[in-house]
Amino acid sequence: PIARALARERGNPADWALLGDVSMEQGKLDAAVGAYQRMVDLRPDAGAYARIAHVRQLTGDLDGAVDAITMACHAVSPRNRETFAWVWTKRAAARAWRPRRLRP
């Protein structure tokens, strides 16, 4: 209820991120996607793209997940060292998200 109230009353991207994160933790994927979309609409940044990548990974859209985490990598400033390292590490791990194809 608090996250919904914040998103409704203030409506800044961090409020929508919080609502999306809470919804995700509660297993309300559709609500999380809606909140994350609103977040991206307001301010497309590394945090928004990383959340979208996570949702896409969970729903099996692995190519979309890799695309979104790549967008996060290009949206973050190297001056923001912690976030920069986090998204690039996630991008490196994204290779494991896709199943390996066996060669005949």
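Is Arg 10 buried or exposed? At 54% relative accessibility, Arg 10 counts as exposed. I begin with this residue because its salt-bridge partner, Asp 15, falls in another class: at 3% relative accessibility, Asp 15 counts as buried. Please keep in mind throughout that this is a predicted model.

Let me give the overall picture before returning to that pair. The secondary structure of the protein chain consists of six helices and zero strands. In sequence order, the pattern reads α-α-α-α-α-α. Along its principal axes, the C-alpha trace spans about 55 × 35 × 20 Å. The chain has 104 residues, and buried residues make up 35% of them.

Two further totals describe the chain. Among contacts with a separation of 6 or more, 34% are between residues 24 or more positions apart. The accessible surface comes to about 7200 Å², with 53% of that area belonging to carbon and sulfur atoms.

On charge, the chain carries 17 positive and 11 negative side chains. The centres of these two sets lie 7 Å apart.

I turn now to the start of the chain. Helix H1 covers residues 2-9, and within it Ala 3, Ala 5 and Ala 7 are buried. Helix H2 is included in what covers the buried residues of H1. Just after H1, Gly 11 takes a positive phi of about 70 degrees. Arg 10 is found in the loop between H1 and H2.

What does Arg 10 touch, leaving aside its neighbours within four places in sequence? The contacts of Arg 10 are then Ala 5 and Asp 15. Ala 5 is one of the buried alanines of H1, and Asp 15 is the salt-bridge partner, with the closest N and O atoms 2.5 Å apart. This pair therefore joins an exposed arginine to a buried aspartate.

How many salt bridges does a search of the whole structure find? The search finds three, and the one between Arg 10 and Asp 15 is among them.

Another of them joins Asp 21 and Arg 51, where the closest N and O atoms are 2.9 Å apart. Asp 21 lies in helix H2, residues 13-25, and Arg 51 in helix H4, residues 46-58, so this salt bridge ties together parts of the chain that are 30 residues apart in sequence. As for accessibility, Asp 21 counts as partly exposed at 28%. Arg 51 likewise counts as partly exposed, at 24%. The cut-off matters in reading these values: buried means under 20% relative accessible area, so Arg 51 at 24% is not in the buried class.

There is also the salt bridge between Arg 43 and Asp 45, with a closest N to O distance of 3.3 Å. Here Arg 43 is partly exposed, at 43% relative accessibility.

Staying with H2, I would point to Ser 23, which lies in that helix. Ser 23 is buried, with a relative accessible area of 5%. Setting aside residues up to four places away in sequence, Ser 23 touches Lys 28, Ala 31 and Ala 32. Of these contacts, Ala 31 and Ala 32 fall in the range of helix H3, residues 29-42.

Helix H3 also holds Gly 34. At 40% relative accessibility, Gly 34 counts as partly exposed. The C-alpha atoms of Gly 34 and Ala 68 are separated by 16 Å, and the two residues are 34 residues apart along the chain.

Finally, the aromatic residues. How many aromatic pairs does the count come to? The count comes to one. That pair is Phe 84 and Trp 88, a tilted arrangement with 6.1 Å from centre to centre and 45 degrees between the planes. Both residues lie in helix H6, residues 81-93, four residues apart, about one turn of the helix. An α-helix has 3.6 residues a turn, so residues three or four places apart point the same way. Phe 84 counts as partly exposed at 29% relative accessibility, and Trp 88 is partly exposed as well, with 36%.

To close, I return to the opening residue: Arg 10 is exposed, with a relative accessible area of 54%, and forms a salt bridge with Asp 15.

Key: Residues numbered from 1 in each chain as written. Predicted model: local features only at pLDDT ≥ 70, side-chain atom pairs only at ≥ 80, totals over all residues. Heavy atoms only, no water. Helix = DSSP H or I, 4+ residues; strand = E, 2+ residues; numbered from the N terminus. Buried < 20%, exposed > 50% of the residue type's maximum accessible area, 1.4 Å probe, protein only. Contact = heavy atoms within 4.5 Å. Areas by Shrake-Rupley, 256 points an atom, 1.4 Å probe, with all protein chains shown as cover. Lys, Arg positive; Asp, Glu negative; His and termini not counted. Charge placed at Lys NZ, Arg CZ, Asp CG, Glu CD. Salt bridge = Lys/Arg side-chain N within 4 Å of Asp/Glu carboxyl O. Phe/Tyr/Trp six-rings, centres within 6.5 Å; stacked < 30°, edge-to-face > 60°.
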